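Welcome, and please open your viewer. We will start with the whole chain, then select a few places one by one.

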Amino acid sequence: MAYAIGVDVGGTFTDVVLRDTSGAISVAKCLSTHYDPIAGIVAGVTRALGGRDPAQVTRVVHATTLATNAILERTGVRVAYVTTQGFRHVVPLGRYARVEEDRYDLRFTPPPPPVAPEDCFEVTERVSARGEVLTPLDDDSVRRVAAEIARRGIGSAAVCLLHAYANPAHERRVAEILRASVPAVVTSSEVWPEIREYERATTTIMSAYVGPLMASYLSRLRERLAALGIRAPVHVMESGGGVVSAELAARRAVATIESGPAAGVLAAAGAGFAEAISFDMGGTTAKACVVRGGRPEITREFHVGGKGSFGGRRAGTGVPIRTPAIDLAEVGAGGGSVAWVDAAGTLRVGPRSAGSSPGPACYGLGGAEPTVTDANLVLGYLSSASIPLTPALAEEALDRLAGPLGVAREEAARAVHEIVSAAMASAVHVVTVQRGIDPRGFALVAFGGAGPMHAARVAARFGIATVVAPAHCGVASAAGRGPCTRRGWQRGSGSRRSWCPPTAGWPRRRGCWPATSPPSGSAPGWTRATPSRSSPGSWRAG
């Protein structure tokens, strides 16, 4: 019997779901290992396999927040930016919108650019917006740049020449010369060949910034899985909900920046409701997305980092990325969010999370600060979990919070629950009311380790009458990675093709098609949706 494995690495737990050809599911949930995420994956895969033969695993689908974390924490590799003569200052000058408290900061300091000004280089060439060569490429200028990049020890380069989307010949030649002395070279014509110079440049730079990290990580993951006896191909979830090979993910790492929450939205889209709101609450963050007509909303541009962005929706904050992504709103509120009292005596929850180490107090792993999970345990909303819980430790943590507030333990726990529910409701507000959508006609599909405990209260705030907690909702993001679809984006055309037949063991609206072509025209029960810019083409169960 063949098996497929879906893996979701979160801030608190690593989820692994093993599915066989009959649709039967085996689940493993273990604490994430931040010092080495692969160690948590290996532990979860080993537990999910049980006594099964690892050689029978035919597919591994993995989504990772590696790219996102590298950008937010600025832990990517040093990148050299190569552009047309006269345009090296486009990226250092950048673009930034002052939002929230920054508006009133007289000593405001803008964030550093994605590439240091001294690492920006120019080559002699010029192409018009129609693709006409105005100034031929000077190969000697490229060789001088390549020599300087190598001298500085920079191992990754991003090439974004003016109007290369119209004629990529110069970019390809620049990359050819650079690759003789620079290990990793990324060109804008490979990543996202569309108009808008600044966004195209930042997208290319971010791909070069995290690409070497992604390549190294996926290589080590395949080696560790091979040591278990799993030699199946590893696929990576894209931000838009499709999957790509590990090799392509390493070359186009920018397409995986929002891959983490994508599969959960696909699982919510498969819950059987044409109009639904995906509500995913894990240990660190909560995410919301609108599903209309059984299809999640897709955006072509988002921002990583920044302030007041709710998952990247505020233009001008953070780093702009041009690549298809499921349109999400995200807030820093989860089961591990720490409750604390500020200097003014006001109760606050998050955004800091206890994570997997030390974790909530009730885990008994050394954590002492009160968290949302501890509050839910005290209130009786939570009775058991994938690891043993100690109610006495949760009560002690809440007592330390209740004391400064001058209230009883249960009142403090209820206040924590109310505050975090209000924070998560703001994410739902962003994807619905803020965009002119009335959420009352939607079903709220809750998943994630903490989602169902807060779903009813969030739904009540918007008058949503239907709340759904699917089977295996605690590992829905990993389960949603099993029935994933290969997707190929036709850049510049805005069109997409996907094949989504049903499979047993998960709602019929999403499934896995083992081939890279659509089912035959005579297959019963299937209809073809006409693709357009706003509605990508797909096969659907009728």
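How many helices and strands does the secondary structure of the protein chain come to? The chain has 14 helices and 26 strands, where helices (H or I, at least four residues) and strands (E, at least two) are DSSP runs numbered from the N terminus.

Before you click further, two notes on the model. It is predicted, so local features need pLDDT of at least 70 and side-chain atom pairs count only at pLDDT 80 or more, while totals for chains, interfaces and linings use all residues. Residues are numbered from 1 along each chain as its sequence is written, and side-chain values use heavy atoms, with hydrogens and water left out.

**The whole chain**

Show the surface. The protein chain exposes about 21,900 Å², and carbon and sulfur atoms supply 52% of that area; the areas come from the Shrake-Rupley method with a 1.4 Å probe, and for residues only the protein chains shown count as cover. Of the 542 residues, 53% count as buried, meaning under 20% relative accessible area (exposed is over 50%, partly exposed in between; 1.4 Å probe, protein chains only). Contacts here are heavy atoms within 4.5 Å. Among those between residues at least 6 apart in sequence, 67% join residues at least 24 apart.

**Stop one: strand β1**

Select residues 3–9, which form strand β1. Because 6 of these 7 residues are buried, the strand is largely enclosed by the rest of the structure.

Now add residues 13–20, strand β2: 7 bridges join β1 to β2, and the two run antiparallel. (Two strands pair if DSSP finds at least two bridges between them.) They form a hairpin with 3 residues between them, and Y3 stands opposite D20 in β2.

Next add residues 57–63, strand β4, which pairs with β1 in the parallel sense over 6 bridges. Look for D8 opposite A63 in β4.

**Stop two: R295**

Move to strand β15, residues 295–296, and pick R295. Is R295 buried or exposed? R295 counts as buried because its relative accessibility is 14%. Then draw a C-alpha to C-alpha distance from R295 to A274: the two are 21 residues apart in sequence and 7.7 Å apart in space.

**Stop three: S337**

Finish in strand β19, residues 337–341, at S337. With 0% relative accessibility, S337 counts as buried. A polar atom of the S337 side chain lies 2.7 Å from the backbone nitrogen of G334. Leaving aside residues up to four places away in sequence, S337 touches several others, including G283, T284, V349, R352 and P370.

Terms used. Polar contact = N/O pair within 3.5 Å; in protein donor to acceptor, adjacent residues only side chain to side chain.
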